[in-house]
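Visitor: Before we start, I would like the terms tied to their cut-offs. Please show me the model and take the labels one at a time.

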Amino acid sequence: MNEMSNAALLVCLQDQLDSPALHILFERYRPVLKKLQHRYFIVGFDQDDWNQEALLVFCRSIARFDATKAPNFGAFYRLNLRHRVFDLIRRSKALKRQQSHKVISLEANSDYFADTLKDSRWAVREQLEVQDAVQRVQESLSGVEHTVFNGLLRGETLLVISQRKRLPYRQVTAASHRSQVKLRRLLAE
C-alpha cells in the first residue's frame, strides 16, 4: 500500500475511509500541516490538537474532493485546513473577548481582590502610619541620629550630610543605620 500513488490512495479512501491508506496519505501530506503550524498560532493548542484537527479536515477533504473540478488534492486540502485554522483562531479570540466581559462578584472573591487590586484607601492609611512612625521615632533618636535622619528625609545623601554638618562619614553612616533600625522596629509593631 505504501507504493501506491496519491491518486490511487485517494480513490481507495473515497470508497472506504477507515482504510490503512488514510494514515499513509495523511503522512504524505503532513508538510502542509507543518507549514501552517509554523505560520499560525492558536491559543491552547498543542501538537495533538493540531494533528486531530488536521486529520478531521483531511477526512472531510477526501469525502468532498472531486477530481473533475479540482485535479490537485493537496491544494484542496491545504485550502480547507487553512480555513479551519482561521476558524479556530477566530473562535479563540471570541472566547478571549467573552471572558474579559464576565461579571465577577467582589464579595465572593474578596481574598483574591484584596491581594491583587490596589486600594487607594489602604495606601493613604499606610502613608499615615509611616508619618506617625517617623514622628515617634524622632523622639527616640540621639542628636547625631536626628540630624542624619532629617537630612535623609530631605533627600540629602550621607556624604552631603557629613560635609554640611562637619561630621565624620563613618559616624554619619552608623547614625543612619541605627535610625533605620529603630524605624523598622517601630513599623513592625
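Guide: One definition comes before the rest: Ala, Val, Leu, Ile, Met, Phe, Trp, Tyr, Cys and Pro count as nonpolar, Asp, Glu, Lys and Arg as charged, and the others, Gly among them, as polar. The model shown is predicted.

Visitor: How do you know how the residues of the lining of the largest pocket divide into nonpolar, polar and charged?

Guide: The lining consists of Glu126, Glu129, Val130, Asp132, Ala133, Arg136, Leu186, Leu187 and Glu189. Set against the classes, that gives four nonpolar, no polar and five charged residues. The space in this pocket is about 150 Å³.

Visitor: Which helices each supply at least two residues of that lining?

Guide: They are helix H7 (120-139) and helix H10 (169-188). H7 gives the largest share, six residues.

Visitor: What does the secondary structure of the chain come to?

Guide: There are ten helices and zero strands. Read from the N terminus, the elements run α-α-α-α-α-α-α-α-α-α.

Visitor: Why is Ser61 called buried or exposed?

Guide: Ser61 has a relative accessible area of 0%. The label buried needs a value under 20%, so Ser61 is buried. Ser61 lies in helix H4, and beyond four places in sequence it touches Phe73, Phe76, Tyr77 and Asn80.

Visitor: And what makes Leu81 count as buried?

Guide: The relative accessibility of Leu81 is 2%. The cut-off is again under 20%, and therefore Leu81 counts as buried. Leu81 is found in helix H5. Leaving out residues up to four places away in sequence, Leu81 touches Val32, Leu33, Leu36, Ala54 and Val57. The C-alpha atoms of Leu81 and Leu55 are separated by 9.4 Å, with their positions 26 residues apart along the chain counted as the offset.

Visitor: Which residues have the most contacts inside the largest nonpolar core?

Guide: They are Leu25, Tyr29, Phe58, Ile62, Phe73, Tyr77 and Leu81, in a core of 27 residues. Helix H1 (6-15), helix H2 (21-28), helix H3 (30-39), helix H4 (47-64) and helix H5 (73-100) each give two or more residues to this core. Apart from this core lies another, of seven residues, including Ala133, Val137, Phe149 and Leu183.

Visitor: What is Tyr29 in contact with, leaving aside its neighbours within four places in sequence?

Guide: Tyr29 is in contact with Asn6, Phe58, Phe73, Gly74 and Tyr77. The word contact rests on heavy atoms within 4.5 Å.

Visitor: Why is Arg166 called exposed or buried?

Guide: Arg166 has a relative accessible area of 76%. Exposed means over 50%, so Arg166 is exposed. Arg166 sits in the loop between helix H9 (158-165) and H10. Its phi is near 55°, a positive value in a residue other than glycine.

Visitor: Where does Gly155 lie, and what is its phi?

Guide: Gly155 comes just after H8 and has a positive phi of about 95°. Within helix H8 (residues 143-153), the buried residues are Glu145, Val148, Phe149, Asn150 and Gly151.

Visitor: How many of the residues in the chain are buried, as a percentage?

Guide: Buried residues make up 30% of the 189 residues. The chain exposes about 13600 Å², of which carbon and sulfur atoms supply 55%. Among contacts between residues at least 6 apart in sequence, 49% join residues at least 24 apart.

Notes:
Residues are numbered from 1 along each chain as its sequence is written. This is a predicted model: local features need pLDDT of at least 70, side-chain atom pairs count only at pLDDT 80 or more; totals for chains, interfaces and linings use all residues. Side-chain values use heavy atoms; hydrogens and water are left out. A nonpolar core is a set of buried Ala, Val, Leu, Ile, Met, Phe, Trp, Tyr and Cys residues joined through side-chain atoms within 4.5 Å. Buried means under 20% relative accessible area, exposed over 50%, partly exposed in between (1.4 Å probe, protein chains only). Helices (H or I, at least four residues) and strands (E, at least two) are DSSP runs, numbered from the N terminus. On a 1 Å grid over the protein atoms alone, a cavity is a set of points where a 1.4 Å probe fits but cannot get out, and a pocket is an open set with protein on both sides within 12 Å along at least five of seven lines; lining residues have an atom within 4 Å of a point. Grid points are joined across faces, edges and corners, and a volume is the space filled by probe spheres set on the points. Accessible areas come from the Shrake-Rupley method with a 1.4 Å probe; for residues, only the protein chains shown count as cover.
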